[in-house]
Amino acid sequence: MIRRAAQVAARETWSTQLGFLVAAIGSAIGLGNIWRFPGVAYANGGGAFLIPYLVALLTAGIPFLIFDYALGHRFQGSAPTVFRRIGGWFESLGWFQVAVSFVIMTYYAVVVAWSVSYIFFSAQGAWGSDPVSFFTKDYLQVSAPSFSLNVVSAVLFPLLAVWVIVLVFLGLGIQRGLERANKIFIPLLVVIFLVMVVRTLFLPGATDGINAFFTPNWAALLRPDVWVAAYSQIFYSLSVGFGIMITYASYLPRRVNIGPTALVAAFANSSFEIVAGIGVFSTLGFMAHEAGVGVQDIEGITGVSLSFMTFPKIISMMPGGHVFGILFFLSLTIAGITSLMSLIQVVSSAFQDKFGFSATRSALILGLVAMFCSVLFFSTTNGLNALDVVDNWINSVGILGIALLSVLYVTYGKRMLRELRLHINFHSSIRFGKWWIFVTGLLTPAILLYILLATVWSIITTGYGGYPHNFILMFGWGCVVIAFLLTAIFTLLPWYKKRAPQLVGYQPWESLTTLEALEKEGKL
Amino acid sequence: MTIEAISMMLLAMLIVWGGLLWSVLYLRKHKLPDDVSNSDALHTLAQLGEERLGGFMTHRADELSQ
């Protein structure tokens, strides 16, 4: 009992369940909700896409979210600690999740920095009449795809500012930093975004945009790629499978209601996506109306193109566009910062666990390294090209690959899903039956495997984005190789001697024996 | 807007926003009491006592130390 008390005292917890919930929602709601979902939905059947999307949410998104929560809460540690406690050297699975998070955060911070710059550009109308040329030539000074050391100062300074802000919050720890930041940022984001969406509804042509977004193309439901797009969107959007939710759940106290908490986080994320879809397509409808074309004729409706090329064009057309632009890029900045903090926390928490660093020291060391990588690879004239390729590879190969390996290992390597189900049921007022084991252990891995193979096959056979082969090797496969190298190095490094005994002497909140006894008594 | 588009919009809102509202209300209703003994399962856990934990934990500790 003394050892348990020491173990609990060593790990900080969220001050309230609400604090965890807000942070989980903040992590899930990111740039992808605003710039990815609307375009993906529109391109994959419009209103009809919502059917595979909701099926994916219920059959894979929520079950996988519960899986991550259960791992984090039961094994009370960062991703490497969790997998170390489950299976010794398989802590490498956790380190690969950490490596994936590290790679993502280095370029994610750059997109947030662009958004910060565009808040000021919106106020000035800096892009003039040609936002595309302004973004690529004047602002990013994009060069041909190749390694470049020409740092763009206009990107560098906001990038440094973003890193400093984020690291200050994380250096303050879970309750004073991460929890407090999310409690401020998430309500602010919701209010700003709702104001913006309501404004778009009153624009001329808004109805045409919403009509285009929701009009179902039923034939799309017969296309496998539409279902793959729906499941992919859910995986990326909910931030499952690469350590974030494991890390966040590890800071939960023993007394928590896991099931409903997961449902709130998942539905809040999807609710935000639907609102984002309405807002984005109302705005695109306005653009089509002003240009005298159909919504289907508009190009650049997803990702970087939507936010930094199409939207500035619309902002220039719109009455009161400066204010709208400021709100839009402020929303992107806030959504990006809360997600960025969750990514950094995955890495920071792993360093704290394995090397005994304090939150402040971890944030400082990690911040300097990540900032250096961010600047070196993504704030140069090659930044946009590098970001495009790295983002595609780390999402398609990194996240899907590690999510698949993790669930396969826990399900078939350790046969641990039953234990996790009992743990969840013990800590949840909603009971998860054996169907949860089926969808998590069989359906989800099957879908992940299919998506992974289809994506890798497509990359190998058709390439990506017309980039030269060497460039793809350097930044695409290169980032995956780096993730593997980081995994190997950090797995082999010794544990901090004062933390190592905790690994051996670790006790779950309730033993499997106890959970099984409760199950026999019909209480789980 | 077409009837189909309106229907899909309302359906999406009903499921997603309805799901959010239901889960928030459910979570509020089932807010865990601070007193551990109020929970049926935890009460049973207390009755079971610590002695049942021994075997499993020794096994897990041995496994991890290898």
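A search of the whole structure, which is a predicted model, finds 2 cavities of 30 Å³ or more, and the tour begins with these.

Start with the largest cavity, whose volume is about 60 Å³, by selecting the residues that line it, among them A:Ile34, A:Phe193, A:Met196, A:Val280, A:Phe311 and A:Phe328. If you then colour the helices α10 (174-201), α14 (258-291) and α16 (321-355) of chain A, you will have marked elements that each supply at least two residues of this lining. By class, the lining of the largest cavity holds 9 nonpolar and 3 polar residues, with no charged ones.

Move next to the second largest cavity, with a volume of about 30 Å³, where the lining includes A:Trp114, A:Leu140, A:Phe378, A:Thr380 and A:Leu384. Here the lining residues divide into 6 nonpolar and 3 polar, and again none is charged.

Now turn to the salt bridges, of which the structure holds 9 over all chains. Select A:Lys354 and A:Glu91, whose closest N and O atoms are 2.9 Å apart; the pair links helix α16 with helix α7 (residues 91-124), across 263 residues of the chain, and both residues are buried.

Finish at A:Arg418, which meets A:Glu516 in a salt bridge of 3.0 Å, N to O. Because A:Arg418 lies in helix α19 (residues 417-426) and A:Glu516 in helix α23 (residues 512-520), this pair ties together parts that are 98 residues apart in sequence. A:Arg418 also forms a salt bridge with A:Glu519, again with the closest N and O atoms 3.0 Å apart. Adding A:Arg421 to the selection completes one network, in which salt bridges that share partners join A:Arg418, A:Arg421, A:Glu516 and A:Glu519.

Definitions and conventions: Residues numbered from 1 in each chain as written. Chains lettered and ligands numbered in written order. Predicted model: local features only at pLDDT ≥ 70, side-chain atom pairs only at ≥ 80, totals over all residues. Heavy atoms only, no water. 1 Å grid on protein atoms, 1.4 Å probe; cavity = no way out; pocket = protein on both sides within 12 Å on 5 of 7 lines; lining within 4 Å. Points joined across faces, edges and corners; volume = space filled by probe spheres on them. Helix = DSSP H or I, 4+ residues; strand = E, 2+ residues; numbered from the N terminus. Nonpolar A, V, L, I, M, F, W, Y, C, P; charged D, E, K, R; others polar. Salt bridge = Lys/Arg side-chain N within 4 Å of Asp/Glu carboxyl O. Buried < 20%, exposed > 50% of the residue type's maximum accessible area, 1.4 Å probe, protein only.
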